[in-house]
Amino acid sequence: MAYLFSGPADLHLHSNHSDGTETPAEVMRQAHAHGVRTMALTDHDRTTGWDEAGAAAARLGVTFLPGMELSAKHEWRSVHVLGYLFDPGDAALVAETDRIRGDRIGRAERIVRSIGRDYDLSWDDVLAQTTADATVGRPHIADALIARGIVRDRTEAFDGILHPREGYYEPHYAPDPLTAVRLIADAGGVSVIAHPATAGRDRMMPVAFIEQLIAAGLGGFEIDHRENTESGKRALRELARKHDLIVTGSSDYHGAGKPNRPGENTTSEEMVARITERATGSAPRYA
Ligand code: AMP
Ligand code: FE
Ligand code: FE
Ligand code: ZN
């Protein structure tokens, strides 16, 4: 199949279908305004933004790659697995994302109940910051804390009240990364571990485990991401070379919710081609 993709590619963008602050169409417009010409929408555990984003990208004359950031968990770590061009109707994947999103709601309510014992914050405050059916996460709790005047911005909320050290944190259900990689592969998609080498609690998984993910069909790593450490990037580049994996660079744009700007990191055309050639679950969209 022939399709168009040339120019800067940013394969990690969030809308208000999860914890971004803008509609899918607005995200595409912002990415375009920042010079991006191939863009993926990768809302957490949800694909409902694809049609709006795809239509917006077509109007802008750019290429849209359908994607998602699937929540997973390895030991204590929160692990995010980007999936591209999978079949959004795949029954196993739909069942798993339904389960994750459902559990995220109860978990957010528990966090808010706990915070509410010390601060003037209620579940209604969080609902007021959340669009209908959005994948609920701590960023929405952060927005409620901002609206209540308790913190200035999401960064302050994550550095303070929402940080696990403060004692309000609760995990949510998530499959282990092997399951996540297999689900995406079985749905015809290509998996890429998002920000695999951040500092702190979610730091890089052991190489031996990452090699199990590769054996299970992992496509590659998101290496150029502002939260990856320099030493982690070096280790990941070496692993990618050894196993001939896909490497990507992305912004992880969340609208006004994070300082990340579209196009601040990009993915090469060659790597975009490898993703599109390998995937069988859905197709890129363009005018
Ligand atoms: P959760 O999945 O509910 O635990 O929340 C994690 C989400 O919070 C991630 O997807 C990030 O987008 C967002 N996040 C993490 N740290 C920050 C931060 N410092 N500022 C804004 N958003 C953040
Ligand atoms: Fe997020
Ligand atoms: Fe992430
Ligand atoms: Zn993300």
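So, R107: one of its polar side-chain atoms lies 2.7 Å from an oxygen atom of ligand 1. Keep in mind that this is a predicted model, so to speak a computed pose. R104 does something along those lines, with a polar side-chain atom 3.0 Å from an oxygen atom of the ligand. Then there's H254, where the distance from a polar side-chain atom to an oxygen atom of ligand 1 is 2.8 Å. How much of ligand 1 does the protein bury? Taken alone, the ligand exposes 500 Å², and 83% of that gets buried by the protein.

Okay, the rest of the neighbourhood. There are 13 residues around ligand 1, and the ones that come nearest are H44, R104, R107, R138 and H254. What's the make-up of that shell by class? Six charged residues, five polar and two nonpolar. As for which helices chip in, α3 (91–116), α5 (138–147) and α6 (154–159) each supply at least two residues of the shell. And if you're hunting for pockets, the space taken by ligand 1 is the largest one.

Zooming out now. The chain has ten helices and seven strands. Its radius of gyration is 18 Å, close to the 19 Å that the globule rule gives for 287 residues, so the chain is as compact as a globular protein of that length. For those of you setting up a box, the C-alpha trace spans about 55 × 45 × 35 Å along its principal axes.

That's my bit, over to you.

Methods. Residues are numbered from 1 along each chain as its sequence is written. Chains are lettered from A and ligands numbered from 1 in the order in which they are written. This is a predicted model: local features need pLDDT of at least 70, side-chain atom pairs count only at pLDDT 80 or more; totals for chains, interfaces and linings use all residues. Side-chain values use heavy atoms; hydrogens and water are left out. A residue is near a molecule or strand if one of its heavy atoms lies within 4 Å of it. A polar contact is a pair of N or O atoms within 3.5 Å; within protein, one must be able to donate a hydrogen and the other to accept it, and residues adjacent in sequence count only if both atoms are side-chain atoms. Accessible areas come from the Shrake-Rupley method with a 1.4 Å probe; for residues, only the protein chains shown count as cover. On a 1 Å grid over the protein atoms alone, a cavity is a set of points where a 1.4 Å probe fits but cannot get out, and a pocket is an open set with protein on both sides within 12 Å along at least five of seven lines; lining residues have an atom within 4 Å of a point. A molecule sits in a cavity or pocket if more than half of its atoms lie within 2 Å of its grid points. Helices (H or I, at least four residues) and strands (E, at least two) are DSSP runs, numbered from the N terminus. Ala, Val, Leu, Ile, Met, Phe, Trp, Tyr, Cys and Pro count as nonpolar, Asp, Glu, Lys and Arg as charged, and the others, Gly among them, as polar. The radius of gyration is taken over C-alpha atoms; the globule rule is 2.2 Å times the number of residues to the power 0.38.
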